[in-house]
Each structure stands twice: as structure tokens, then as C-alpha cells.
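This briefing goes through one protein chain by topic. Please keep the sequence and the model open while reading.

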Amino acid sequence: IFNDKKIKIPPLTEQKKIVEILDAFDSKIEANNRVNKNLEEISKTLFKSWFVKFDPYDTFKETDMGKIPEDFEIVEFSDISNTEGGGTPDTEEDSFWGGDTLWLTPKEVAPLTSSVAFDSERKLTEEGLKNSSAKVMPKNSTLLYSRGANMGVSVINKEPMATNQGFVCIEPDGVPPHFLFHLVTSNRSKIENRAGGSTYPEISQTSFNEIQIAIPSSSDRVKRFENIAESIYEDVC
């Protein structure tokens, strides 16, 4: 049936022109993806050097988390952030869908070529938002994929955005957003270790909030990192 299907196609010269245009777009997309990857790697490497390997620091102290710089303190994520869950309104109710509120799902995270979310496939109406437990997270929140094989993968949203129930949505409270994003991603192993669940691994908001991390007591270096990271992520597209 497929072989016998008749279709209309433009002349060969027009086909070649179309391919040239599409090839140019594909090349531009590939170039952008490479640039994005390099930019994010710079930010990740700098964070690891300053706040994981502690390269700039000379004096250390022993803690339950091991050696950390003298001017660092141990806190929980609940001390520096606020969390929300996601939700899904009735998918059969048309009045809940097709609005202006971005609504991210886990299946959209895996194909992303960067850790930045600008848009979503589906969007909620105000009525749909009211009829679900989804919350609109402000720009530059960290959206943590909280269940399944890709648990611990995080994205930072560049537009106000809600999610379905497959996320722990994290808003910074007392620390800058890009610093918090890297702090979450650098602690993925701790997140995975605290996951529970019988059918698939999942981390709850409570378990996430109780994770201990070491951060500088002074905000000077954090601010320096944030200025650099913010500039980098402005160029990610």
C-alpha cells in the first residue's frame, strides 16, 4: 500500500534548494548545541573547582562531611531553598489545556541539548492550573527530575513554568539561582542515594530538603561565581 501511494513532489531543482535551506538550519543548530555544551562545561568546571574540590582555599576543618574550608558551613537544602511539587490536571478536559502557562514533563527533559528549559510542549490554562497541584515556578528555579531512571537530572527554567508530578521544583532562598542549580546537580549522587520506592526510585521533597551540603559562610565568592554563571547562561540558547 505504501509503495503504491501517489505523492506530489516539486521539481528536482526546487528540492535541492529546500535541502540547502534545511541543511543550513541543521548546521546552525549543531553549532549552537556545541557552543551551549562548552559554555555550560565552563560553568560546571568553575563550580567544581571552587565549591567541590575547594581549590582556592588553604585552611580546612574536619566535619561529619569530611574536610571542608574553614569558612564553610554545613546546611540542609531546606535552609537555602523552598520546594514545590508538580501536578497534572484532567487530560480529558479541554478547558484545562492550550493556555499560556508553560508545563514541563520529564519526557521533555531527556532530549534537551542543554540544561536550560525555555518552553514546554503543552501549556495550561488558568483553569487547568487551579484544578491541579502544579505551581508556577519563577524564572531561574531548579527543576529536579525526581523519579525513574533519569532521577537527579535537573534543568533551570528561563521562563516562569509549572511541571507535572515528576519533579521537585526548587526556588532559591538566600542563595543565587545559578549557584543553587549547580549545587543541586553536583549532589546528584546524594539525591539518588536518598531515593525510595518499591516500583521505581523516587525522591520526595522531604528527603531532598534534608540533604546536607557545605557552602561558604561569606557570600563574596558565591556572588563572584553567580556573576560569571549568569553571564554564561545568558548566552545559552
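F54 is buried, because its relative accessibility is 12% and the cut-off for buried is under 20%. The model is a predicted one. F54 sits in the loop that links α1 (12-51) to β1 (60-63), and F54 has a positive phi of about 60° although it is not a glycine.

**Backbone exceptions**

- Most residues other than glycine have a negative phi.
- F54, with its phi of about 60°, is one residue with a positive value.
- N140 is another non-glycine residue with a positive phi, here about 70°.
- The loop between α4 (126-130) and β8 (142-145) holds N140.
- N140 has a relative accessible area of 14%, and it therefore counts as buried, the limit being under 20%.

**Whole chain**

- Eight helices and twelve strands make up the secondary structure of the chain.
- The C-alpha trace spans about 75 × 40 × 30 Å along its principal axes.
- The chain has 237 residues, of which 40% count as buried.
- Among contacts in the chain with a separation of 6 or more, 70% are between residues 24 or more positions apart.
- The accessible surface of the chain is about 13800 Å², and carbon and sulfur atoms account for 49% of it.
- There are 27 positive and 39 negative side chains in the chain, and the centres of the two sets are 6 Å apart.

**Helix α1 and residue S43**

- S43 belongs to helix α1.
- Is S43 buried or exposed? S43 is buried, since its relative accessible area is 1%.
- Leaving aside residues up to four places away in sequence, S43 touches H182, F225, A229, I232 and Y233.

**Strand pairs outside the five-strand sheet**

- β1 and strand β2 (residues 66-69) run antiparallel and are joined by four bridges.
- The connection from β1 to β2 is a hairpin through two residues.
- Across this pair, F60 stands opposite P69 in β2.
- Strand β3 (residues 72-76) pairs with β12 in the antiparallel sense, over five bridges.
- In the pairing with β12, E76 is opposite Q212.
- Strand β12 (residues 212-216) has four of its five residues buried, so the rest of the structure largely encloses this strand.

**The five-strand sheet and helix α5**

- An open sheet of five strands follows the order β4-β11-β8-β9-β6, and its pairing is mixed.
- Why do β4 (81-85) and β6 (116-117) each have one side without a neighbour in the sheet? These two strands stand at the edges and each has a single partner strand, so one side of each has no neighbour in the sheet.
- Within the sheet, β8 and strand β11 (residues 167-172) run antiparallel, with four bridges joining them.
- L143 stands opposite C169 in β11.
- Helix α5 (residues 177-186) packs on the sheet, where it touches β4, β8, β9 (154-157) and β11.
- The direction of α5 makes about 170° with that of β9.

Terms used
Residues numbered from 1 in each chain as written. Predicted model: local features only at pLDDT ≥ 70, side-chain atom pairs only at ≥ 80, totals over all residues. Heavy atoms only, no water. Buried < 20%, exposed > 50% of the residue type's maximum accessible area, 1.4 Å probe, protein only. Contact = heavy atoms within 4.5 Å. Areas by Shrake-Rupley, 256 points an atom, 1.4 Å probe, with all protein chains shown as cover. Lys, Arg positive; Asp, Glu negative; His and termini not counted. Charge placed at Lys NZ, Arg CZ, Asp CG, Glu CD. Pairing = 2+ DSSP bridges. Axes fitted to C-alpha atoms, helices over the stretch in contact; angles between N-to-C directions.
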